[in-house]
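Here is a short briefing on one protein chain. Read it alongside the sequence and the coordinates.

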Amino acid sequence: KLQFLYLIAVTHIRSARTPSAGVKPALQMGRKSVLYLHGFQEDEVSPKPAHLRAVVEGAGHAFHFVPLGMYLTRWHSPIRYGLSSGVGLCCLLAGAAAWTLLGPWWGVGLYAASMFVLKNSVIRTGVSRSYEETYAIAAAAVEEHQPDVIAGFSWGGALALELKNRRGDTRPLLLMAPAYHLLQRLRDPLVEPRPPTCGKNAPHGAAVFIHSDDDPLVPMAETEALAEHLPNTTLHRVEGQGHPLWGTVESGLLQKTLLDLLRCTDC
């Protein structure tokens, strides 16, 4: 009988000490995560993701850098994107035929025109395909990591807005010089860039924009238009930081803004 009572007591103590399935310890309950979508030619050791990782992990949270791979540079390949579209190949053949039948000047002229068409075909077709490929990677990363905050720079900022646009994502966003309108122009130069279709009546989380007044790639006016269109937004205007925004890392603005967004997920 004493052994039986001892076994019951030990089992009761162990069950009280062991958290039941589906119940997280208190430390894990407060642990949050950030998903970082990088820009063109940016990697995990670049200043922005490296410093943000240090700050986020130092605060006890998780930081996930999403490698978009070489998808961003595939549109430089005329073989895959230019010639496969057929437009550039036809122009090259027309230039060669004109050189043979009409003479060098006609051939050079049509060859130069074919190069112009080929270049624009490569960029337009390649950016469109790369954009969709990287969007699929970003969407899969969101499903896998279930982040509390999504941060995106340039191309990655455009993807973060696209996640909000297509999926109605309500997570808070940190958007650093998002190239949303720029990529729209590269994908189709004949179509006027338009803001995301999600309007102010949709229940979306906070979005914080950080943009420099002298950005040579993404004009400040485009980010101002995005901030005005989307609900619950804040725009930090900085001076003399160009497109990379490295000065915001040195000043601590980027790190502080991201930590504030993480805290706001409890609000």
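A contact here means heavy atoms within 4.5 Å. By that criterion, take the contacts in the protein chain between residues at least 6 apart in sequence: 73% of them join residues at least 24 apart. The model is predicted. Its protein chain has 11 helices and six strands.

**Overall make-up**

- The protein chain has 267 residues, and 42% of them count as buried.
- About 14600 Å² of the protein chain is exposed.
- Carbon and sulfur atoms supply 62% of that exposed area.

**Helix packing: α3 and α11**

- Two packed helices are described by the angle between their axes and the distance between the axes.
- Helix α3 covers residues 47-58, and helix α11 covers residues 253-264.
- The two pack at an angle of about 45°, and their axes are 10 Å apart.
- That angle makes α3 oblique to α11, because angles under 35 degrees count as roughly parallel and 65 to 115 as roughly perpendicular.
- The crossing of α3 and α11 is right-handed.
- On the α3 side, the contact involves K48, H51, L52, V55 and V56.
- On the α11 side, L254, Q255, L258, L259 and L262 meet them.
- By class, the contact of α3 with α11 has seven nonpolar, two polar and one charged residues.

**Positive phi outside glycine**

- Q41 has a phi near 60°, a positive value in a residue other than glycine.
- Q41 sits in the loop between β1 (33-37) and α3.
- Is Q41 buried or exposed? Q41 has a relative accessible area of 70%, so it is exposed; the cut-off for exposed is over 50%.
- S154 also has a positive phi, near 55°, and is a residue other than glycine.
- S154 lies in the loop between β3 (149-153) and α7 (155-167).
- Is S154 buried or exposed? S154 has a relative accessible area of 10%, so it is buried; the cut-off for buried is under 20%.

**Loop residue P216**

- P216 is found in the loop between β5 (207-212) and α9 (220-229).
- P216 counts as exposed because its relative accessibility is 67%.
- Which residues does P216 contact, leaving aside its neighbours within four places in sequence? They are G242 and H243.
- P216 and G242 are 26 residues apart in sequence. In space, 6.6 Å separates them, C-alpha to C-alpha.

**Helix residues H181 and R166**

- H181 is found in helix α8, which spans residues 180-187.
- H181 has a relative accessible area of 8%, so it is buried.
- H181 and L226 are 45 residues apart along the chain. Their C-alpha atoms are separated by 9.2 Å.
- R166 lies in helix α7.
- R166 is partly exposed, with a relative accessible area of 38%. That class applies because the value falls between the cut-offs for buried, under 20%, and exposed, over 50%.
- Leaving aside its neighbours within four places in sequence, R166 is in contact with Y131, E132 and Y135.

Definitions and conventions: Residues are numbered from 1 along each chain as its sequence is written. This is a predicted model: local features need pLDDT of at least 70, side-chain atom pairs count only at pLDDT 80 or more; totals for chains, interfaces and linings use all residues. Side-chain values use heavy atoms; hydrogens and water are left out. Helices (H or I, at least four residues) and strands (E, at least two) are DSSP runs, numbered from the N terminus. Buried means under 20% relative accessible area, exposed over 50%, partly exposed in between (1.4 Å probe, protein chains only). Accessible areas come from the Shrake-Rupley method with a 1.4 Å probe; for residues, only the protein chains shown count as cover. Axes are lines fitted to C-alpha atoms, for helices over the stretch in contact, and angles run from 0 to 180 degrees between N-to-C directions. Angles under 35 degrees count as roughly parallel, over 145 as roughly antiparallel, 65 to 115 as roughly perpendicular and the rest as oblique. A crossing is left-handed if the near helix is turned anticlockwise from the far one by less than a right angle, and right-handed if clockwise. Ala, Val, Leu, Ile, Met, Phe, Trp, Tyr, Cys and Pro count as nonpolar, Asp, Glu, Lys and Arg as charged, and the others, Gly among them, as polar.
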